[in-house]
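Biologist: Please give me a close look at a single part of this model, and set it in its surroundings. Short sentences will do.

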Amino acid sequence: MSMLVDSGSGARSEVTADERTGGDGGATLAFTGVRQVFAMPKQRGSAGPRSVVALDNIDLEIPDGQFVALVGASGCGKTTLLNMVAGLVKPTSGVVRVKDQAPRVANLDIGYMFARDALLPWRSARRNVELPLEVRNWDRGRRRERAMEMLELVGLREKHTQYRMQLSQGMRQRVALARTLAADPSILLMDEPFAALDARTKLTLQGEFLRIWEAQAAEGQRKTVLFVTHDLQEAVLLADRVIIMLPNPGRVAEDLIVELPRPRAEHLGEVMYTPEFREITQSLFDRLEGAIADGQVAGHGRTSA
Amino acid sequence: MTATHEAPPVAAARVDDVVKPPPKVARRALITAIQVLVVGAFLALWEVASRQEWIDPLLFGRPSEVWTAFFDYVPSEAGVDSLKATMTAVAMAFVIGSVVGTLAGLILGLSKWADDIFGPFLVPLNSIPRIALAPMFIAWFGLTTEAKVFLAVTIVFFILAENARSAVKSVDPDLMTMAKVVGLKRASLLWKVVLPSAVPTLFAGLRLTFTYSLLGVIASEMIAATSGVGQDIVLYSSGYQINTVFAIIIELVIVAVVLNAVFQAVERRLLRWQD
């Protein structure tokens, strides 16, 4: 258990961000007492409109520059947490702060990457990467230059004229990654960005993303990452901190620091087969199973209102 | 660490190794041959039936005489003038109907207020048999091009309004979320995401627009007009010159096919990102 440490910023406790994984320790993202209730469509035969508690009692502080993985089965509110940071969803109660401000849509400090590429099919790869730069009013030449740089970074420089239909799934996600990173946002929201890829492509893209992130971290531009995944291995492989969530109602079950050394990007394949990695994933797996077992006893979060 | 650093094995076959199907040239040629045969047989039967007077040649015409009538009518001064008059009206109806209809549809699709207020009128208005209104339009505008154009526009407008409305309403929600998160707002959201993604649907509607513009203009001309192909059809029909009527119909089909081909070429060029 030496490689896994409770992060300390779990439910209702003092925040002590790990120095190595937490930058200057200032909280970039903070959730306080967040609760989210979604109304469900009324069903025949039921007394009144039903609602589902998507998130309950979420208290999290994510320090500047930390790479956090949110792990859990579907329906535990991981994506809702990201959408709150992005300003797309307002919590039913509780407070979300992004760099000490209320979240807002179109926050230029945030890059959001989705499981589906969401590329504009009528634009070439390069013009897709330029999109966030257009919002920032970069001039054409600078946009173009930056987009080519980003495509180079994800290994698609020579594909810059291709349309979405001409690109493989892996390439599409690379373009989406380039677009997410193009404007150099300091907060990255990643919603299962590699989930739709085959195992090989997934590992390659994980490596490329981590290489870019670690390189920027080494230059002192450590981006805060909130990475949603249902893949425990991916979480441990990439993140500094793994938060395990459970559904019904969506809540934090475990919150742990991963003490695998960085940089990892250049030898992800090897990291996956080290005893340390196995020990960590094994122990997280056990905790997840344990939490699920407990959850089945304790939590029947469906409420009628 | 032992010799197990390598990534797990992945499938060796690549997608582009898939075997290509055998050439379809032979099949294509066979289909064309059968098509020619079917049309030829039909024309031959028609010709024979007419010559043997199994059918009344005065009412049903005869392919060989349709052929002659075609080259008599189409290049003649009267034929050219009629086609010009009709196509001028069709072009005007096409442009006016497309622009006004698309704009109306975009407004309905983008503004919930507009849609809630005016949306419910679309279906009932569109169900009015417009041709029945033609005499009224002719009374308003006289025997003019405007009368023809107006009738055609009343048909085309609704097709495009409905089309444009559903086009902007069915933008991929993933793209909309992405665009909002990236920071696109109002005008830029409209120009960079909503309108481009509506283009394929708009094009499908535009192609119908041409057909219905032609229909509206010809119908109006048939009811009353001083010039145009529709007038000629009425004229030759009532004079029992059925072969010329067929010749005119063939002329219209040729115009429609050519314009449709032009349309497709433009569409393919504009929508080359689709395939």
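Modeller: Two residues are in contact if their C-beta atoms, placed from the backbone, lie within 7 Å. With that cut-off, the contact between the chains takes 23 residues from chain A and 22 residues from chain B. On the chain A side, the elements that give two or more residues are α3 (125–135), α6 (199–218) and α8 (268–271) of chain A. By class, that side has 19 nonpolar, 1 polar and 3 charged residues. One caution early: this is a predicted model.

My close look goes to strand β9 of chain A. The chain around this strand comes first. Chain A has 9 helices and 11 strands. Of its 305 residues, 45% count as buried. Take the contacts in chain A between residues at least 6 apart in sequence: 74% of them join residues at least 24 apart.

Now the strand. β9(A) covers residues 241–246, and 6 of its 6 residues are buried. In a regular strand the side chains alternate between the two faces of the sheet. Both faces of β9(A) are covered. R241(A), I243(A) and M245(A) are buried on one side. V242(A), I244(A) and L246(A) are buried on the other.

β9(A) has a parallel partner in strand β4 (residues 67–71) of chain A, joined to β9(A) by 4 bridges. In that pairing V68(A) stands opposite R241(A). An antiparallel partner is strand β10 (residues 251–258) of chain A, joined to β9(A) by 6 bridges. Here I244(A) stands opposite E254(A).

The turn from β9(A) into β10(A) deserves a stop. The hairpin has 4 residues between the strands. Most residues other than glycine have a negative phi, and most peptide bonds are trans. N248(A) takes a positive phi near 55°. The peptide bond from N248(A) to P249(A) is cis, with omega near -5°. P249(A) is found in the loop between β9 and β10 of chain A. Past β10(A), the bond from R262(A) to P263(A) is cis as well, with omega near -5°. P263(A) lies in the loop between β10 and α8 of chain A.

Two further backbone outliers sit elsewhere in chain A. A106(A) has a positive phi of about 65° although it is not a glycine. A106(A) belongs to the loop between β5 and β6 (110–113) of chain A. With 15 other C-beta atoms within 10 Å, A106(A) is partly exposed. E192(A) also has a positive phi, near 45°. E192(A) lies in the loop between β7 (187–191) and α6 of chain A. E192(A) has 20 other C-beta atoms within 10 Å, so this residue is buried.

Back to V242(A), and to the core. In soluble globular proteins, nonpolar side chains tend to be buried together. The largest nonpolar core has 130 residues, and V242(A) is one of the three with the most contacts inside it. The other two are V85(A) and F227(A). The largest share of this core, 16 residues, comes from α7(B). That helix covers residues 145–169 of chain B and holds T154(B). T154(B) counts as buried because 20 C-beta neighbours lie inside 10 Å.

V85(A) leads to another group of strands. Leaving aside neighbours within four places in sequence, V85(A) is in contact with L29(A), V96(A), V98(A), P103(A), I110(A), L189(A) and L226(A). Of these, L29(A) stands opposite V98(A) in β5(A). Strand β2 of chain A and strand β5 (residues 93–98) of chain A pair in the antiparallel sense over 5 bridges. β2(A), residues 27–39, is also joined to strand β3 (residues 50–63) of chain A, by 9 bridges, and this pair runs antiparallel. F38(A) has V52(A) as its bridge partner in β3(A).

Last, a helix pair in chain B. Helix α8 (residues 173–182) and helix α9 (residues 186–223) of chain B pack at an angle of about 170°, with their axes 11 Å apart. α8(B) and α9(B) are therefore roughly antiparallel to each other. L175(B), M176(B) and A179(B) in α8(B) meet L189(B), V193(B) and S197(B) in α9(B). By class, this contact has 5 nonpolar, 1 polar and no charged residues.

Technical notes:
Residues numbered from 1 in each chain as written. Chains lettered and ligands numbered in written order. Predicted model: local features only at pLDDT ≥ 70, side-chain atom pairs only at ≥ 80, totals over all residues. Buried ≥ 20, exposed ≤ 12 C-beta atoms within 10 Å, placed from the backbone. Nonpolar A, V, L, I, M, F, W, Y, C, P; charged D, E, K, R; others polar. Core = buried A, V, L, I, M, F, W, Y, C linked by C-beta atoms within 7 Å. Pairing = 2+ DSSP bridges. Axes fitted to C-alpha atoms, helices over the stretch in contact; angles between N-to-C directions. Parallel < 35°, antiparallel > 145°, perpendicular 65-115°, else oblique.
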